[in-house]
Amino acid sequence: MRRDVLLSVVVPVYNVSGYLDMCIQSICRQSYKNLDIILVDDGSTDGSGIICDVYGAKDHRIQVIHQSNAGLVAARKTGILAAKGEYVGFVDSDDYIEPCMYEMMLENIQDADFIHTGYYENSMKVILHNDEMVELSKEKTCKMIHCLLTGNGDYFLTPSIWSKLFRRDLIRKCYLPLPEEQSYGEDVLCLCAVLYESCKIVLSSGAYYHYRMRNESLSHCAGTDNIRKEISLYHHLVCILDRYQLAERFRSDADYFLRRQLFQAFRKMSHPFAVEQYSFGDLSVLSGKKIILYGAGSVGKDYYGLFCRYKECEVVAWTDGNYGRYHYANIKLTSPEHIGHIDYDFIIIGVLHRNAAQRITEDLCRQGVSRKKIMWRRPVDMLMDDACFQSDGVDGFED
């Protein structure tokens, strides 16, 4: 790895004084030292701008830019235009990164246009894929855009730019044209363009970015305004696809993306178990059975509501490897370590992707759970046009 490569890190800052020290320190303490750190204070009113200035005075690698509040997209654009590095990365100002993040990214990116890594969501490590260099033919590019918009397929790409590192000319070409009013979901728009404009990318199994999920953050606010934002995002997405003459090819994917986003927006406004996106399929296989449900994310939450309404089976426990992260009113999640003390017939794994289910299965088997008592089937996505035709597995691991 060349040590003379300058790497720019863009940090948009707005009213995050309680998190900003940890964020900036994690960047300054990188094992890779040749950094161009750009802090863009987007009109903060809580002292965040002063914190930026303090760090700017202490570290010559830090450039602080103050501007009137214009939103996340405008702040990132300011940072991108100021970036001097051959590569550009992004860190949200309420998050933080591992000390080796950029060293590992530069070591693995080789001659690719960008690198995509895993991350931590709060304390949960999210690994998305095996290490792979992908030459992007037209066919593979379309496969990746499909995966980005639907979450299904051979690749799984997160709709964020903070877990990635881009060539500067690429990110400028793809991010600067974005509409500044779309400060929600704009990363998806950028990544559609990035995938089309790239020739080679690296998918890395490493996880170095710590994404802090906060209820008050822009991406987690509930309300009718979110509905308007989702519809606006959809229209901008169609425009991006049309720019590359892909609108017709990805029309069904874009429509699915809108349905999924609207569903999540409506769910935030209602009881969390009132409706489900993911179905287990034919429930008769569970009739008369005592069930432990493993998984408390999107799929697991949907399964829990579904199983509780299906009176022919009994959920005797709900568990997750990160059980402490989830909090549902009047519902207690338990540690997987307690499974050995529970009387049950099956453990149902409620996760979307097969590789995640396989990792959970291996963990359970190491605890002494019989593989015959573990069941995963590909969740039926009720938002898909062909949901009623998705196959139902019955035992073990079935697609």
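In this predicted model, Arg251 touches Tyr234 and Val238, leaving aside residues up to four places away in sequence. Arg251 lies in helix H9, which spans residues 251–268. The briefing then turns to helix packing, buried faces and backbone angles.

**Arg251**

- The relative accessible area of Arg251 is 31%, so this residue is classed as partly exposed.
- Between the C-alpha atoms of Arg251 and Leu241 there is a separation of 8.9 Å, and the two residues are 10 residues apart along the chain.

**Helix H7 against H6**

- Helix H6 covers residues 168–175 and helix H7 covers residues 186–197; their axes are 9 Å apart and the packing angle is about 125°.
- The two helices, H6 and H7, are therefore oblique to each other, because an angle that falls outside the roughly parallel, roughly antiparallel and roughly perpendicular ranges counts as oblique.
- The crossing in which H6 passes H7 is right-handed.
- On the H6 side the contact involves Leu170, Ile171, Lys173, Cys174 and Tyr175, and on the H7 side Glu186, Asp187, Cys190, Ala193, Val194 and Glu197.
- Sorted by class, the residues of this contact of H6 with H7 comprise 7 nonpolar and 4 charged, with no polar ones.

**Helix H7 against H5**

- Helix H5, residues 138–150, packs with H7 at an angle of about 170°, and their axes are 9 Å apart.
- H5 and H7 are therefore roughly antiparallel to each other, because angles over 145 degrees are placed in that class.
- H5 passes H7 in a crossing that is right-handed.
- H5 contributes Thr141, Met144, Ile145, Leu148 and Leu149 to the contact, while H7 contributes Val188, Leu191, Cys192, Leu195 and Tyr196.
- The contact of H5 with H7 contains 9 nonpolar residues, 1 polar residue and no charged residues.

**Helix H2: buried and exposed residues**

- In helix H2, which runs over residues 48–58, the buried residues are Ser48, Gly49, Ile51, Cys52 and Tyr55.
- These buried residues lie on the same side of H2, because the arc they cover around the axis is only 155°.
- Ile50, Ala57 and Lys58 are exposed on the other side of H2.
- The elements against which the buried residues of H2 pack are strand S1 (7–13), helix H1 (17–28), strand S2 (35–42) and strand S3 (62–67).

**Helix H4 and the residue after it**

- The buried residues in helix H4, residues 101–109, include Met101, Tyr102, Glu103, Met105, Leu106 and Ile109.
- Gln110 comes just after H4 and has a positive phi of about 50°.
- Gln110 belongs to the loop between H4 and strand S6 (114–121).
- With a relative accessibility of 56%, Gln110 counts as exposed, because the exposed class begins over 50%.

**Positive phi at Asn15**

- Most residues other than glycine have a negative phi.
- Asn15 is not a glycine, yet its phi is positive, at about 50°.
- Asn15 sits in the loop between S1 and H1.
- The relative accessibility of Asn15 is 28%, so Asn15 counts as partly exposed.

Methods
Residues numbered from 1 in each chain as written. Predicted model: local features only at pLDDT ≥ 70, side-chain atom pairs only at ≥ 80, totals over all residues. Heavy atoms only, no water. Axes fitted to C-alpha atoms, helices over the stretch in contact; angles between N-to-C directions. Helix = DSSP H or I, 4+ residues; strand = E, 2+ residues; numbered from the N terminus. Parallel < 35°, antiparallel > 145°, perpendicular 65-115°, else oblique. Left-handed = near helix turned anticlockwise from the far one by under 90°. Contact = heavy atoms within 4.5 Å. Nonpolar A, V, L, I, M, F, W, Y, C, P; charged D, E, K, R; others polar. Buried < 20%, exposed > 50% of the residue type's maximum accessible area, 1.4 Å probe, protein only. Arc of directions from axis to C-beta.
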